[in-house]
Amino acid sequence: MFDFMLVFASSLLAATIAPFYSEVVLAAVLTRQPDAAVLLWLLASTGNTLGSVVNWWLGSYLLHYQHRRWFPVKPVQLARAQYWFQRLGVWSLLFAWAPVGGDALTFIAGIMQVRLPLFVTLVFIGKGLRYLIVIYFAEQLLL
């Protein structure tokens, strides 16, 4: 049971702004629980998607404070990020799993007021595919 909670928690944490790599935890637990690959995939994908929802919420909530000195993103950076998000569209959320820029993408989606059901669907698809690949390669190493 602890292994499953660990995969979920590490996946959730990895999707927030905290630097963490849930793929390593997933692969390690998979070596101990090889028959639970589907459940591990579901836990990792769901946890990582929920972590991205935290970023989305922060983006939508913190936008109200964009004119404060402590706001973490400068107006020029915010305008540039919004421009690129509008240019690439919501389909770019399929790449929210990317190690570089994926978390920022989910934050910007909140700022851009992307509807939550669409956000969750696209992010889950992208992150679910990434975890399928991680599980596939982890199982190949176990053989």
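Helices here are DSSP runs of H or I at least four residues long, numbered from the N terminus. With that in hand, α5 gives the largest share of the lining of the second largest pocket, at 4 residues. Keep in mind that this is a predicted model. Below is a quick look at two pockets and one helix pair.

**The largest pocket**
- Its volume comes to about 270 Å³, and of the 16 residues lining this pocket, A14, F20, Y21, A98 and P99 are the closest to its centre.
- Three helices, α1 (2–15), α2 (22–32) and α6 (116–142), each chip in at least two residues of the lining of the largest pocket.
- Sorted by class, that lining has 10 nonpolar, 4 charged and 2 polar residues.

**The second largest pocket**
- This one holds about 230 Å³ of space.
- Its lining is made up of I17, N55, L58, L62, P72, V73, D103, A104, F107 and I108.
- Both α3 (37–62) and α5 (102–111) supply at least two residues of that lining.
- By class, the lining of the second largest pocket splits into 8 nonpolar, 1 polar and 1 charged.

**Where α3 meets α6**
- The axes of α3 and α6 come within 8 Å and cross at roughly 140°, so α3 counts as oblique to α6.
- The crossing of α3 past α6 is right-handed.
- On the α3 side, the residues in contact include W41, L42, T49, V53 and W56, while those of α6 include F119, V123, F124, Y131 and I135.
- Taken by class, the residues of this α3–α6 contact are 14 nonpolar, 6 polar and 3 charged.

Terms used: Residues are numbered from 1 along each chain as its sequence is written. This is a predicted model: local features need pLDDT of at least 70, side-chain atom pairs count only at pLDDT 80 or more; totals for chains, interfaces and linings use all residues. Side-chain values use heavy atoms; hydrogens and water are left out. On a 1 Å grid over the protein atoms alone, a cavity is a set of points where a 1.4 Å probe fits but cannot get out, and a pocket is an open set with protein on both sides within 12 Å along at least five of seven lines; lining residues have an atom within 4 Å of a point. Grid points are joined across faces, edges and corners, and a volume is the space filled by probe spheres set on the points. Ala, Val, Leu, Ile, Met, Phe, Trp, Tyr, Cys and Pro count as nonpolar, Asp, Glu, Lys and Arg as charged, and the others, Gly among them, as polar. Axes are lines fitted to C-alpha atoms, for helices over the stretch in contact, and angles run from 0 to 180 degrees between N-to-C directions. Angles under 35 degrees count as roughly parallel, over 145 as roughly antiparallel, 65 to 115 as roughly perpendicular and the rest as oblique. A crossing is left-handed if the near helix is turned anticlockwise from the far one by less than a right angle, and right-handed if clockwise. Contact means heavy atoms within 4.5 Å.
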